[in-house]
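Thank you all for coming. I would like to take a few minutes to walk you through one structure, so please look at the sequence and the model as they come up.

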Amino acid sequence: MSVPIPLVPEKPSRTGRERRRTPGQASTWDAEYGKDVWRLRELGIKDRRLARITFEDIPQSWLKALAKRWARWRLATGLGVVSVSSGTRAITSCGQFLADVAPSVQGLADLDRELLERYLAHLHSRFSGTVKHRMLIGQLNLFFTTIRQHGWDDSLPSTVMFFSEDFPKEAIRQPRALSETVMAQLENPDNLAKWSNPSYELITLILMHCGLRITDTVRLPTDCIVYDGEGAPYLRYLNHKMKREALVPIDAGLVEAITAQRRRLHERWPDGAPVLFPRVTDNDDGHEPIGDGVYRKALHRWLKHCDVRDEHGQPVRVVPHSFRHTLGTRLINRDVPQEVVRRILDHDSHVMTAHYARLSDTTIRRHWEAARKVNIKGETVTLDPDGPLAEAAWAKQRVGRATQALPNGFCGLPVQQSCPHANACLSCPMFITTAEFLPEHRQHRQQVVQIITAAEARGQQRLIEMNQQVLGNLDQIITTLEDDQDGEAST
């Protein structure tokens, strides 16, 4: 009698993500936590920029334990692995300093302000105001703050903290926006057509038009377009840095390009791909997005292929974030209010947006200094841009532009003096005119209306009031002269 062979059910096919799962993955945090080097993939965290976080160089066991707890909590809140790694490096730096200069420190209770000041001097001698200098202080301060917030160690003295005065003065950042010469080449349709991969071309367009960070762009969902009540389209994305959804207005051309990308995805993944830019290889279900590093390399090849050069004929270096700086600077230069620019770029505060405004001011000043300036007598006015009065003179010009803009120039009156006249002749009681000047008066009236409209949009109340007087006088002049003309015609 034959014994029936039990049928073994066929294993269902697994997706690429499931094939990469390791046995016992649910307990990998417990296994990985005790190690001095965390393998992020074992923790289900995939980031092409960083594969591990290390604690092995922290000399003190008590400090290492707190560093691990802080890192695990930050990862659990969704903070990026690069930021978490920066915090770990800051603790490592402090731990090594303590091991060298204060080996008797056996816990947080042994820290005091005097030790922190010695550490500040140590950092200054090594890094002297660099970005890393500020990072090491800021991350360590966040570490102390988190310990207090969560009650991880009540022995931490209240005096162990850094203050704003402890941070080195931040260096003035140089402009990072691309010049219009370079942007004209990058936006050229012939050059955009040289992208061999339509996904990379669309990523480039989104970076240019929307100012997204590259990490947010490559992770865009397929259904990233939404419409408001008036039917205007917006790009919806997750701002990973701020951990929130954000919207940015887009035009019909970008909507069409995104729709075309979705059609291509449907051909490759008929059941649907959740991300707009899926990785081409090892991605059966279309869930894994293109890595930002992959796009960076493709961008470098494209720039070389298009032979993009700057104003001096030199090959340019462009990184994805350059497009964000360029969009911000362009918007400011077009007189878009800072609050609107902040919302478009989804900045958390006005500090970064104000940086673009400073760049815009610098650009305007450069052109102002280079231009030939004449006074009312036609005499050339000269100013040494490096002279002792350069800053004060530029400040006076900015006030003149903002408070008393004229249709044919700018007011050069010192800030401390007030002038009752906007367009002096039209406010002067000695002014006389005749009907032969009616065309000039009508044209002048149109210019004054434009000035008032622009001033209302910018909230320039003084400019509004002064030009309203001019507008009233012009209306009276035009009405009177037109009545005289009509009277002469009827006789």
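The secondary structure of this chain, which I should say at once is that of a predicted model, comes to 18 helices and 7 strands. The chain has 491 residues, and buried residues make up 39% of them. If we take the contacts between residues at least 6 apart in sequence, 58% of these join residues that are at least 24 apart. As for the surface, the chain exposes about 29000 Å², and 53% of that area is supplied by carbon and sulfur atoms.

Let me turn to the cysteines. How many disulfides are there in the model? The count comes to 0 disulfides. Two of the cysteines can still be described by their surroundings: Cys94 counts as buried because its relative accessible area is 8%, under the 20% limit, and Cys306, at 10% relative accessibility, is likewise on the buried side of that limit.

Cys94 brings us to the interior, since Cys94 is among the residues that line the largest cavity. The count of cavities of 30 Å³ or more comes to 1, and the space in the largest cavity is about 40 Å³. Which residues line this largest cavity? Alongside Cys94, the lining is formed by Phe97, Leu98, Leu111, Asp112, Leu115, Leu116 and Tyr119. Helix H4, which covers 81-101, and helix H5, which covers 113-127, each supply at least two residues of that lining. By character, the lining residues divide into 7 nonpolar and 1 charged, with no polar residue.

Staying with helix H5, I would like you to find Leu123, which is located in that helix. Is Leu123 buried or exposed? Leu123 counts as buried because its relative accessibility is 0%, which is under 20%. Leaving aside neighbours within four places in sequence, Leu123 is in contact with Ser93, Ser128, His133, Leu136 and Ile137. For Ile137, which lies 14 residues away from Leu123 in sequence, the distance between the two C-alpha atoms is 8.6 Å.

Arg296 is our next stop, and its place is in helix H12, residues 292-306. With a relative accessible area of 37%, Arg296 is classed as partly exposed, because that value falls between 20% and 50%. Not counting residues up to four places away in sequence, Arg296 touches Ile214 and Pro320. Tyr200 is 96 residues from Arg296 along the chain, and the C-alpha atoms of this pair are separated by 9.8 Å.

Finally, I would like to draw your attention to the backbone at two aspartates. Asp282 has a positive phi of about 50° although it is not a glycine, and Asp282 sits in the loop between helix H11 (252-268) and H12. Asp346 also has a positive phi without being a glycine, in this case of about 55°, and Asp346 lies in the loop between helix H14 (338-345) and helix H15 (350-370). Where do these two residues fall in terms of accessibility, buried or partly exposed? Asp282, at 46% relative accessibility, counts as partly exposed because the value is between 20% and 50%, whereas Asp346, with a relative accessible area of 11%, is under 20% and therefore buried.

Notes: Residues are numbered from 1 along each chain as its sequence is written. This is a predicted model: local features need pLDDT of at least 70, side-chain atom pairs count only at pLDDT 80 or more; totals for chains, interfaces and linings use all residues. Side-chain values use heavy atoms; hydrogens and water are left out. A disulfide is a pair of cysteine sulfur atoms within 2.5 Å. Buried means under 20% relative accessible area, exposed over 50%, partly exposed in between (1.4 Å probe, protein chains only). Helices (H or I, at least four residues) and strands (E, at least two) are DSSP runs, numbered from the N terminus. Contact means heavy atoms within 4.5 Å. Accessible areas come from the Shrake-Rupley method with a 1.4 Å probe; for residues, only the protein chains shown count as cover. On a 1 Å grid over the protein atoms alone, a cavity is a set of points where a 1.4 Å probe fits but cannot get out, and a pocket is an open set with protein on both sides within 12 Å along at least five of seven lines; lining residues have an atom within 4 Å of a point. Grid points are joined across faces, edges and corners, and a volume is the space filled by probe spheres set on the points. Ala, Val, Leu, Ile, Met, Phe, Trp, Tyr, Cys and Pro count as nonpolar, Asp, Glu, Lys and Arg as charged, and the others, Gly among them, as polar.
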